[in-house]
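Subject: Structure handover

Hi,

Here is the structure I promised to pass on. Have a look at it first, and my notes follow underneath.

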Amino acid sequence: MVRSSSGIVAGLTAAALAAIGFLAYQASADVPSGLGSSRAADSSKTEAAKAPRDRQHPTALPAASGTGRRVVYSVDDDRVWLVGAGDRVKRTFKVTPGTVDPAPAAYVVTSRSGKITGSDGVAVEHVVRFTNVSGVAIGFSAALNDTTSTPAPSKKLGGIRESREDGTAMWEFATIGTRVTVIK
């Protein structure tokens, strides 16, 4: 029996799509409830008002930023705190936000990527995503060229850029399911 090459390609394509669909179903079936969601992690809302700050120590962890092991991100101060057990700050650093900000709330890390090209065309690593806003993925990343330049305001970008050193610390700390508290 002789088959045309286009028939073989069509058959292989159909089989590949079926396998991908099956694997996607299996992956989604194993995700703990709430991890696939881009909504806030819990129904208790973080105050929309600016969290109180220690004026003597501007890099100190803001009060009312939650409790327990978590990432705290201040959209007003462009600062991140990696908070370990006992509410101890393991690291804090400045970031450069994208043009789309997440709402103040509690989230969880939903996906990660080792190295990709960001939506602004810049090669990035250590991507840690925690929500979507109007179809724009929001997460932390480090540019491979270690730049943290302010993005063009005309583009809708959700990448929160950090230095490569800080990106490595975030990558090691913020695994899937880690809480992310966004404050003003």
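A residue is called buried here if its relative accessible area is under 20%, and exposed if that value is over 50%. Keep in mind that this is a predicted model. Phe140 comes out at a relative accessible area of 0%, so it counts as buried. Tyr73 also counts as buried, because its relative accessible area is 0%.

Those two residues belong together. Tyr73 and Phe140 make an aromatic pair of the edge-to-face kind, with 5.7 Å centre to centre and 85° between the planes. The pair joins distant parts of the chain: Tyr73 is in strand β1 (residues 70-74) and Phe140 is in strand β7, 67 residues apart. The search of the whole structure turned up three aromatic pairs, and ring pairs tie Tyr73, Tyr107, Phe130 and Phe140 into a cluster.

There are also two arginines over rings. The charged end of Arg69 sits over the ring of Phe173, 3.9 Å from the ring's centre. Arg112, meanwhile, lies over the face of Trp171, at 3.6 Å from the ring centre.

Trp171 turns up again around His126, a residue of strand β6. Which residues is His126 in contact with, once its neighbours within four places in sequence are left aside? They are Ser113, Gly114, Phe140, Ser141, Glu162, Gly167, Thr168 and Trp171. So Phe140 is a contact of His126 as well as a member of the ring cluster. With a relative accessible area of 14%, His126 is buried too, because the cut-off is under 20%.

Now for the pockets, which you may want to open in your viewer. The largest pocket holds about 400 Å³ of space. It is lined by 29 residues, and the closest to its centre are Gly118, Ser119, Asp120, Gly159 and Arg161. Strands β5 (111-117), β6 (123-133), β7 (136-143) and β8 (159-162) are the elements that give two or more residues to that lining. Which element gives the most to the lining of the largest pocket? That is β7, with six residues. As for the chemistry, the lining divides into 12 nonpolar, 13 polar and four charged residues.

If you are short of time, start with the Tyr73 and Phe140 pair, then go on to the lining of the largest pocket.

Cheers

Terms used: Residues are numbered from 1 along each chain as its sequence is written. This is a predicted model: local features need pLDDT of at least 70, side-chain atom pairs count only at pLDDT 80 or more; totals for chains, interfaces and linings use all residues. Side-chain values use heavy atoms; hydrogens and water are left out. On a 1 Å grid over the protein atoms alone, a cavity is a set of points where a 1.4 Å probe fits but cannot get out, and a pocket is an open set with protein on both sides within 12 Å along at least five of seven lines; lining residues have an atom within 4 Å of a point. Grid points are joined across faces, edges and corners, and a volume is the space filled by probe spheres set on the points. Helices (H or I, at least four residues) and strands (E, at least two) are DSSP runs, numbered from the N terminus. Ala, Val, Leu, Ile, Met, Phe, Trp, Tyr, Cys and Pro count as nonpolar, Asp, Glu, Lys and Arg as charged, and the others, Gly among them, as polar. Rings of Phe, Tyr and Trp (its six-membered ring) pair if their centres lie within 6.5 Å; planes under 30 degrees apart count as stacked, over 60 as edge-to-face and the rest as tilted. Buried means under 20% relative accessible area, exposed over 50%, partly exposed in between (1.4 Å probe, protein chains only). A charge sits over a ring if NZ of Lys or CZ of Arg is within 6 Å of the ring centre and within 35 degrees of the ring normal. Contact means heavy atoms within 4.5 Å.
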